[in-house]
Amino acid sequence: MKKIEAIIKPFKLDDVKDALSEKGIDGMTVTEVKGHGRQKGHTELYRGAEYVVDFLPKVKLELVVTKDRVDEAVAAICEAAATGKVGDGKIFVSNIEQAVRIRTGERDEEAV
């Protein structure tokens, strides 16, 4: 099993969710986060005062899939989240040693 973490622009969340659903990949955790990479934030004006916004709002998706679905899920996220501009986000894939569905006690791939 693999865990996929994707940091994307907030307005792309519905597109990514729909793209994953079309592939039959359901179930994810979504967290509102802030961060920056190459974007490095931007300057804004508030009541005549200029200030720097260092951390930009992003959305972090977390989903666990079987090894054979990783490439399909990553491709769907890339395609749906891409705008072609700096700040589109990143995807991280890591190993999951064990998963347990609390309600039924199912383990590993049956729990996903």
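In which loop does Lys 9 lie? In this predicted model, Lys 9 is placed in the loop between strand E1 and helix H1. With a relative accessibility of 13%, Lys 9 counts as buried, because residues under 20% relative accessible area fall into that class. When neighbours within four places in sequence are left aside, the residues in contact with Lys 9 are Lys 58, Thr 83, Lys 85, Val 86, Gly 87 and Asp 88.

The two elements that flank this loop also take part in the largest nonpolar core, which has 18 residues. At least two residues of this core come from each of strand E1 (2–8), helix H1 (13–22), strand E5 (56–65) and helix H2 (70–81), and the greatest contribution is that of H2, with 6 residues. The residues with the most contacts inside the core are Ile 8, Val 16, Leu 20, Leu 61, Leu 63 and Ile 77. For Leu 20, the contacts beyond four places in sequence are with Ile 25, Met 28, Leu 63, Ala 73, Ala 76 and Ile 77.

Ala 19, which has its place in helix H1, is likewise buried, at 15% relative accessibility. Once residues up to four places away in sequence are discounted, Ala 19 touches Ala 76 and Ala 80. Between Ala 19 and Val 30, a separation of 11 residues in sequence corresponds to a distance of 15 Å in space, taken from C-alpha to C-alpha.

Two pockets were also examined. The largest pocket has a volume of about 310 Å³, and of the 14 residues that line it, His 36, Gly 37, Arg 38, Gly 89 and Lys 90 are the closest to its centre. Strand E2 (29–35) and strand E6 (89–95) each supply at least two residues of this lining, with E2 giving the most, namely 3 residues. In terms of class, the lining of the largest pocket comprises 3 nonpolar, 6 polar and 5 charged residues.

The second largest pocket has a volume of about 250 Å³ and is lined by 14 residues, of which Asp 26, Gly 27, Val 64, Val 65 and Val 112 lie nearest its centre. The most is given to this lining by E5, with 4 residues, a strand that also supplies at least two residues of the largest nonpolar core. By class, the lining of the second largest pocket is made up of 6 nonpolar, 4 polar and 4 charged residues.

Two further residues can be described individually. Thr 66 lies in the loop between E5 and H2 and has a relative accessible area of 18%, so that it is buried, the limit for this class being under 20%. The side chain of Thr 66 is joined to that of Asp 68 by a polar contact of 2.5 Å, while the contacts of Thr 66 outside its neighbours within four places in sequence are with Met 1 and Glu 109. Asp 108, found in the segment after E6, has a positive phi of about 55° although it is not a glycine. The relative accessible area of Asp 108 is 31%, and this residue is therefore partly exposed, since that term covers the range between the buried limit of under 20% and the exposed limit of over 50%.

Definitions and conventions
Residues numbered from 1 in each chain as written. Predicted model: local features only at pLDDT ≥ 70, side-chain atom pairs only at ≥ 80, totals over all residues. Heavy atoms only, no water. Core = buried A, V, L, I, M, F, W, Y, C linked by side-chain atoms within 4.5 Å. Buried < 20%, exposed > 50% of the residue type's maximum accessible area, 1.4 Å probe, protein only. Contact = heavy atoms within 4.5 Å. 1 Å grid on protein atoms, 1.4 Å probe; cavity = no way out; pocket = protein on both sides within 12 Å on 5 of 7 lines; lining within 4 Å. Points joined across faces, edges and corners; volume = space filled by probe spheres on them. Nonpolar A, V, L, I, M, F, W, Y, C, P; charged D, E, K, R; others polar. Polar contact = N/O pair within 3.5 Å; in protein donor to acceptor, adjacent residues only side chain to side chain.
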